[in-house]
Amino acid sequence: MQDLLKILIENNIHHTKNGKVASYIPELDKARKDALGVYVMTVDGAEYKAGDYEEKFTIQSISKIVSLMLAILDNGEEYVFSKVGMEPTGDPFNSIKKLETSIIKKPYNPLINAGAIVISSMIKGKDARDKFSRLLNFMRKIAEDETLDVNYKIYCGESDTGNRNRAMAYFMKGEGVIEGNVEDALDVYFKQCSIEVTAKTLSKIALFIANNGKLSNGEEVITPKIAIIVKTLMVTCGMYDSSGEFALRVGVPSKSGVGGGILSVVPGKMGIGVFGPSLDSKGNSIAGVALLEYLSKELNLTIF
Ligand code: DON
């Protein structure tokens, strides 16, 4: 396995040339375009890694699956899905258009920006600080890593440039989809996107989901039902408007972020974290997707 991962890095690194590093914040633009790393943790405790698996980057949209788990724990499944749908959009992750035109009058799913901001508004806490600190502690717990923290330069950039997210949040407040303070919801969202991780962190969170919500000491942090909800939404919506193609090519529940991360869950078997900041036109790691396709074929990982 160790040799396979090394070969996959060597064989797929050339794809990084064909993508672009996210540049909506100057800090993100500093990422090394040709970086590529992978980390695999199996349910029986083995760990394998290759390439730039130690390089730090921000978790970005991958945080949306973590906030979803906490929001369901805090509010229950019924309330959460009364405010957010369960359908893929076929639109880019930051699209506004279906917010007003859809008949469901709520964001299509929790993994697009609009849906994730509603999810962040549901995290319990007396103010934005308290809500975020609960979310960060939850992420530290399931990643089994107390050192996880926010990259404050990226957070400031997210907040300074996040006017599209702000527009959607205020619209949803006007429609009654967001309850409570809109700026608090946005602040939690911008901070959660700015948490710094490595491919190893992603593989650990993926392993937690692969184990249906159990830590390595056996503690059950979320119910198996919540794990099923998250895995299912990752398949249908986790790779944005590439989710269908990704399901065909890789076939493993996954979530991407514009920081270059991909978190992939092989149910009952392994957690995979990938880092490759050069992105395709949909915002997914271009070499990361190619690497996962080969890994899935080689190990027959597809769930379908
Ligand atoms: O909300 C935003 O625009 C950024 N924090 C990007 C989040 C993200 O990773 C979207 N997708 N891949």
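**Stop 1: the largest pocket**

Begin with the residues that line the largest pocket: nine are nonpolar, eleven are polar and five are charged. Bear in mind on this tour that you are looking at a predicted model. To bring the pocket into view, select Ala22, Tyr24, Phe93, Asn94 and Val258, which lie nearest its centre among the 25 lining residues. The volume of this pocket is about 460 Å³. Now colour strand S1 (20-21), helix H8 (152-161), helix H9 (163-174) and helix H10 (182-193): these are the elements that give two or more residues to the lining of the largest pocket.

**Stop 2: the ligand**

Where does the ligand sit? You are already there, as the ligand sits in the largest pocket. Show the ligand as sticks and add its surroundings, a set of 13 residues. The closest of them are Gln60, Ser61, Glu158, Tyr189 and Val258. If you colour this shell by class, you will find six nonpolar residues, six polar ones and one charged residue.

**Stop 3: polar contacts with the ligand**

Next, pick three side chains in turn and check their distances to the ligand.

- Select asparagine 113: one of its polar side-chain atoms lies 3.1 Å from an oxygen atom of the ligand.
- Move on to glutamate 158, where a polar side-chain atom is 2.9 Å from a nitrogen atom of the ligand.
- Finish with asparagine 165, which places a polar side-chain atom 3.0 Å from an oxygen atom of the ligand.

How much of the ligand does the protein bury? On its own the ligand exposes 340 Å², and 95% of that is buried by the protein. Try switching the protein surface on and off here to see this cover for yourself.

**Stop 4: the largest cavity**

Leave the ligand now and turn to the cavities. How many cavities of 30 Å³ or more does the structure hold? There are five, and the largest cavity contains about 110 Å³ of space. To find this cavity, select Thr89, Ser95, Lys98, Leu99 and Ile112, which lie nearest its centre. In full, its lining is made up of 14 residues.

Which helix gives the most to this lining? Highlight helix H5 (residues 97-101), which contributes three residues to it. As a last step, colour the lining of the largest cavity by class: eight residues are nonpolar, two are polar and four are charged.

How values were computed:
Residues are numbered from 1 along each chain as its sequence is written. This is a predicted model: local features need pLDDT of at least 70, side-chain atom pairs count only at pLDDT 80 or more; totals for chains, interfaces and linings use all residues. Side-chain values use heavy atoms; hydrogens and water are left out. On a 1 Å grid over the protein atoms alone, a cavity is a set of points where a 1.4 Å probe fits but cannot get out, and a pocket is an open set with protein on both sides within 12 Å along at least five of seven lines; lining residues have an atom within 4 Å of a point. Grid points are joined across faces, edges and corners, and a volume is the space filled by probe spheres set on the points. Helices (H or I, at least four residues) and strands (E, at least two) are DSSP runs, numbered from the N terminus. Ala, Val, Leu, Ile, Met, Phe, Trp, Tyr, Cys and Pro count as nonpolar, Asp, Glu, Lys and Arg as charged, and the others, Gly among them, as polar. A residue is near a molecule or strand if one of its heavy atoms lies within 4 Å of it. A polar contact is a pair of N or O atoms within 3.5 Å; within protein, one must be able to donate a hydrogen and the other to accept it, and residues adjacent in sequence count only if both atoms are side-chain atoms. Accessible areas come from the Shrake-Rupley method with a 1.4 Å probe; for residues, only the protein chains shown count as cover. A molecule sits in a cavity or pocket if more than half of its atoms lie within 2 Å of its grid points.
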